[in-house]
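User: I have a fold open and a few labels I'd like justified. Can you walk me through the reasoning behind them?

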Amino acid sequence: MMAAQEGVNVDTLTTTLGTLRTLRSSVTLFFKIVSEGPKDENSNEGENNFAEEAMKVMADIKSQLRELETQVAGLSPPSNPVNLGNTGLLSLDPTPDKLPLYYQLLDCYTWMEKVHCYSTIMHSLFSGNNLKRSSVSSPYSAKRRRPVQLNHNVPQQQVDGIIQGINQMFPDMTLNLSRPFGNNAVVQVTLGRVLRAVVTFKGILIEWVVVRAFNEPLLDDDGKVDLYTPSQYKVFQKVTDNANAAMLNFCSPGFSDLAVRSFFTWLHSFVTLFTDVCKRCNNHLHNHMPPTWREFRTLDPFHEECKA
């Protein structure tokens with residue numbers, strides 16, 4: 001209702017200003033006619049034409065003035081005056097270059113008042129329509145509600161069981177689990193004689209993946225697991241990028257076990273990285289690169305340029 005009323009006032013004010021401009025034009029035209037006088041001062045016809053034209057303009061002025069008074073009476077004055085504080089003194093500064101600042105501040109204050117008014121209305125509407133279904137407690141709601149799982153803070157035995165199950169699913173893929181940084185697991189993956197990878201977990205969620213060639217080490221010079229050094233080969237750099245994209249695609253906090261298994265199933269499809277042909281172009285190589293992309297559902301191989 002407030003927004004509709006505000007729109008009506010704006011339309012009425014626009015119409016009133018248009019009527020005021022028309023009235024000023026008519027008054028200007030009247031004074032122009034009076035200043036010029038009759039066109040033919042020596043004849044009665046010229047004086048009659050002058051009188052008729054002046055009377056016509058005067059009638060228009062009278063009608064427009066009556067219409068303007070009616071429209072002004074329909075305007076509602078602002079309920080709350082705008083409080084400009086000390087900035088209102090800027091209007092008293094006679095310096096011409098500072099006068100626009102006053103009007104800009106006036107517009108800013110008016111806009112802020114409208115924002116405050118509309119936000120108050122929206123707050124009342126949202127307060128009356130609370131969308132939280134759990135706000136009304138019942139003796140059965142606590143029994144039906146699933147416990148909130150914090151996937152970044154789970155028992156180590158749960159993560160060990162998932163990794164052990166995945167290790168048994170794929171005989172040609174070896175997973176070695178360690179915890180060099182505390183509770184979070186780090187899994188070293190060896191996939192046939194094709195590639196090696198380091199998968200970093202945070203709880204039961206996969207946080208980071210690095211894929212390297214089979215002949216590249218997974219440990220640094222100090223004998224610790226190297227989590228971030230990329231592969232020196234462009235093929236495995238691209239596989240690393242796609243693996244992190246797959247990690248984000250399969251991430252599902254509500255079904256963390258399934259998300260981890262789906263990711264390692266996707267990673268296992270790279271066991272035929274250098275023997276598969278692209279499903280689109282039917283070629284092994286494209287721009288000197290094998291098909292480094294695997295579809296998330298079908299696991300079909302594609303080149304980077306052919307997957308679109």
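Analyst: Sure, what follows is a set of labels, each checked against its cut-off. Keep in mind that this is a predicted model.

User: Let's start with cysteines. Why is Cys278 said to be in no disulfide?

Analyst: A disulfide needs two cysteine sulfur atoms within 2.5 Å. For Cys278 the nearest cysteine sulfur belongs to Cys281 and is 3.8 Å away, and that pair therefore fails the cut-off. The structure as a whole holds zero disulfides.

User: And what makes Cys278 buried?

Analyst: Its relative accessible area is 0%, and buried means under 20%, so the label fits. Cys117 has 28%, which falls between the 20% and 50% limits, so Cys117 is called partly exposed.

User: How do you know that Phe263 and Phe264 form an edge-to-face pair?

Analyst: Two steps. The ring centres are 5.5 Å apart, and the limit for a pair is 6.5 Å, so they count as paired. The planes are 80° apart, and over 60 degrees is edge-to-face, so that's the name they get. Phe263 is buried at 0% relative accessible area, and Phe264 is buried at 0% too.

User: Which residues are in the ring cluster?

Analyst: Ring pairs link Phe250, Phe263, Phe264, Trp266, Phe270, Trp293 and Phe296. The count of aromatic pairs comes to 10.

User: Phe264 sits in α7, right? What does α7 pack against?

Analyst: Helix α7 (residues 256-268) packs with helix α5 (residues 156-169), at an angle of about 35° and with the axes 11 Å apart. The crossing is right-handed. Phe264 is one of the α7 residues in that contact, along with Asp257, Val260, Arg261 and Thr265. On the α5 side you'll find Gln158, Ile162, Ile163, Ile166 and Met169. The contact residues divide into six nonpolar, two polar and two charged.

User: Why is Thr292 called buried?

Analyst: Thr292 has 1% relative accessibility, and the buried label applies under 20%, so it qualifies. Thr292 is in the loop between α7 and β5. Leaving out residues up to four places away in sequence, Thr292 touches Val235, Lys238, Val239, Asn242, Phe270, Leu273, Phe302 and Glu304.

User: Where does Asp241 lie, and what makes it partly exposed?

Analyst: Asp241 lies in helix α6 (residues 234-250). Its 46% relative accessibility is over the buried limit of 20% but not over 50%, so partly exposed is the right call. The C-alpha atoms of Asp241 and Thr292 are separated by 9.9 Å, with their positions 51 residues apart along the chain.

User: What is notable about phi in Asn282?

Analyst: Phi of Asn282 is near 60°, a positive value in a residue other than glycine. Most residues other than glycine have a negative phi, so a positive value stands apart from that pattern. Asn282 lies in the loop between α7 and β5 (293-294). At 55% relative accessible area it passes the 50% mark, so Asn282 is exposed.

User: Which value does phi take in Leu299, and is that residue buried or partly exposed?

Analyst: Phi of Leu299 is near 65°, again positive in a residue other than glycine. Leu299 has 27% relative accessibility, which isn't under 20% and isn't over 50%, so it counts as partly exposed. Its place is in the loop between β5 and β6 (301-302).

Definitions and conventions: Residues numbered from 1 in each chain as written. Predicted model: local features only at pLDDT ≥ 70, side-chain atom pairs only at ≥ 80, totals over all residues. Heavy atoms only, no water. Axes fitted to C-alpha atoms, helices over the stretch in contact; angles between N-to-C directions. Helix = DSSP H or I, 4+ residues; strand = E, 2+ residues; numbered from the N terminus. Left-handed = near helix turned anticlockwise from the far one by under 90°. Contact = heavy atoms within 4.5 Å. Nonpolar A, V, L, I, M, F, W, Y, C, P; charged D, E, K, R; others polar. Buried < 20%, exposed > 50% of the residue type's maximum accessible area, 1.4 Å probe, protein only. Phe/Tyr/Trp six-rings, centres within 6.5 Å; stacked < 30°, edge-to-face > 60°.
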